[in-house]
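Work through the exercises below with the sequence and the model open. Try each task before reading its solution.

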Amino acid sequence: MPIFETAITVEAKHLDDLMHVNNVHYVQWVQDVAKLHWERNATDSILKRYFWVLTTHFIEYKNSAFLGDKIHVKTYVPKYKGAVCHRIVEITNKTTNTLLATSETKWCLIDAETKRPTRITKEISELFE
């Protein structure tokens with residue numbers, strides 16, 4: 001899958017007691033952008049046959065975002081092997097052009113029928129390129 005990008009505007013619901021975006025929302029944005037990326041690229045037949053589960057999540061917080069800030073979320077898959085893919089997410093404040101957070105996640109492909117890990121098929125690997 002080539003690079004996928006989306007935008008978010010910080011709303012009051014994203015803020016914590018310190019009046020900046022709560023870390024939980026960054027984690028949610030990482031999951032949301034991965035799902036959007038997958039659903040935009042995979043065919044209906046692939047979506048019915050497979051799904052991904054998150055196995056490892058690393059996130060590094062760099063800066064804060066505040067109410068009204070325009071957030072840019074970018075993701076891509078730099079590598080995959082067997083049943084596993086690695087995904088990078090970069091979250092940037094477009095208002096200030098500041099990197100807010102980076103994330104690397106590891107996902108395992110699951111066969112929807114057997115509910116077991118399954119190797120990434122050629123059809124799916126072609127989505128990553």
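**Exercise 1. Classify Ala101 as buried or exposed, then place it in the chain.**

Step 1. Ala101 has 0% relative accessibility, so it counts as buried. The cut-offs are under 20% relative accessible area for buried, over 50% for exposed and partly exposed in between, with a 1.4 Å probe and protein chains only.

Step 2. Note the basis: this is a predicted model, where local features need pLDDT of at least 70, side-chain atom pairs count only at pLDDT 80 or more, and totals for chains, interfaces and linings use all residues. Residues are numbered from 1 along each chain as its sequence is written, and side-chain values use heavy atoms, with hydrogens and water left out.

Step 3. Ala101 sits in strand β5. Helices (H or I, at least four residues) and strands (E, at least two) are DSSP runs, numbered from the N terminus.

Step 4. List the contacts, meaning heavy atoms within 4.5 Å. Leaving out residues up to four places away in sequence, Ala101 touches Tyr26, Ile59, Glu60, Tyr61, Lys62, Val89, Glu90 and Ile91.

Step 5. Take one C-alpha to C-alpha distance. Val73 is 28 residues from Ala101 in sequence and 9.6 Å from it in space.

**Exercise 2. Find how many aromatic pairs there are, and describe two of them.**

Step 1. Set the rule. Rings of Phe, Tyr and Trp (its six-membered ring) pair if their centres lie within 6.5 Å; planes under 30 degrees apart are stacked, over 60 edge-to-face, and the rest tilted.

Step 2. Count. The rule yields 3 aromatic pairs.

Step 3. Take Tyr26 and Tyr61. Their ring centres are 5.6 Å apart and their planes lie at 70°, so this pair is edge-to-face. Tyr26 belongs to helix α1 (residues 23–41) and Tyr61 to strand β2 (residues 50–61), so the pair links distant parts of the chain, 35 residues apart. Tyr26 is buried at 1% relative accessible area, whereas Tyr61 is partly exposed at 33%.

Step 4. Take Trp38 and Trp52. The centres are again 5.6 Å apart. The planes stand at 90°, so this pair is edge-to-face. It joins helix α1, with Trp38, to strand β2, with Trp52, across 14 residues. Trp38 is buried at 7% relative accessibility, and Trp52 is buried at 15%.

Step 5. Look for a cluster. Tyr26, Trp29 and Tyr61 form one.

**Exercise 3. Which elements give two or more residues to the lining of the largest pocket?**

Step 1. Define the pocket. On a 1 Å grid over the protein atoms alone, a pocket is an open set of points where a 1.4 Å probe fits, with protein on both sides within 12 Å along at least five of seven lines; lining residues have an atom within 4 Å of a point.

Step 2. Get the volume, the space filled by probe spheres set on points joined across faces, edges and corners. The largest pocket holds about 250 Å³.

Step 3. Find the centre. Of 14 lining residues, Ala34, Lys35, Trp38, Trp52 and Trp107 are the closest to it.

Step 4. Assign the elements. They are α1, β2 and β4 (84–93). The most comes from α1, with 5 residues.

**Exercise 4. State how confident the prediction is along the chain.**

Step 1. Use pLDDT, the predictor's confidence in each residue, from 0 to 100. The chain mean is 95, and 99% of residues reach 70 or more.

Step 2. Compare elements. Helix α3 (residues 122–128) has the lowest mean, 89, and strand β5 (residues 98–111) the highest, 98.
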